[in-house]
Amino acid sequence: MPMETDEIYRRLTKMLREIFDDETITATPELMADQVAGWDSFAQLRLILTVEKTFSVDFAAAQITSLNNVGDLAALIQSKLQ
C-alpha cells in the first residue's frame, strides 16, 4: 500500500526541523529553499541524503536538480514508493 501524502509531509517536517534546527518549519507543498534560513547547497545535500535513507529510495541527479519546492520533493518520494 503506498504511503499517504500526509505521512510523507509529516516525515519531511521532522527532517527539516532537525536539519535546520528550527521547530517552526512545516513542510508544505509551496515551501521553497529560499524561505528557510540556512538552506544552502550543503543543507540540500543533507536533506536529500536523509530523505533517501528514511524512505529507502534513490534519486538521480536530474531529479534532484528539477525540484522547485517541497511539493515536488514529496511527489518524487511518492512516485518512488509506488
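## Salt bridges in the model

Two salt bridges are counted in this structure, which is a predicted model. Side chains of opposite charge can pair when their charged atoms come close. The two pairs are described in turn below, followed by the way in which they are linked.

## Arg-10 and Glu-7

In one salt bridge, Arg-10 is paired with Glu-7, and the closest N and O atoms of this pair lie 2.7 Å apart. Both residues belong to helix H1, which covers residues 5-20, and Arg-10 and Glu-7 are three residues apart there, or about one turn of the helix.

As for solvent accessibility, Arg-10 has a relative accessible area of 49% and is therefore classed as partly exposed, since the exposed class begins over 50%. Glu-7 is likewise partly exposed, with a value of 23%, because only residues under 20% are termed buried.

## Arg-11 and Glu-7

Glu-7 also forms a salt bridge with the side chain of Arg-11, with an N to O distance of 2.9 Å. Arg-11 and Glu-7 are four residues apart in helix H1, so about one helical turn separates them. Arg-11 is partly exposed, its relative accessibility being 26%.

## A shared network

Through salt bridges that have partners in common, Glu-7, Arg-10 and Arg-11 are joined into one network.

How values were computed:
Residues numbered from 1 in each chain as written. Predicted model: local features only at pLDDT ≥ 70, side-chain atom pairs only at ≥ 80, totals over all residues. Heavy atoms only, no water. Salt bridge = Lys/Arg side-chain N within 4 Å of Asp/Glu carboxyl O. Helix = DSSP H or I, 4+ residues; strand = E, 2+ residues; numbered from the N terminus. Buried < 20%, exposed > 50% of the residue type's maximum accessible area, 1.4 Å probe, protein only.
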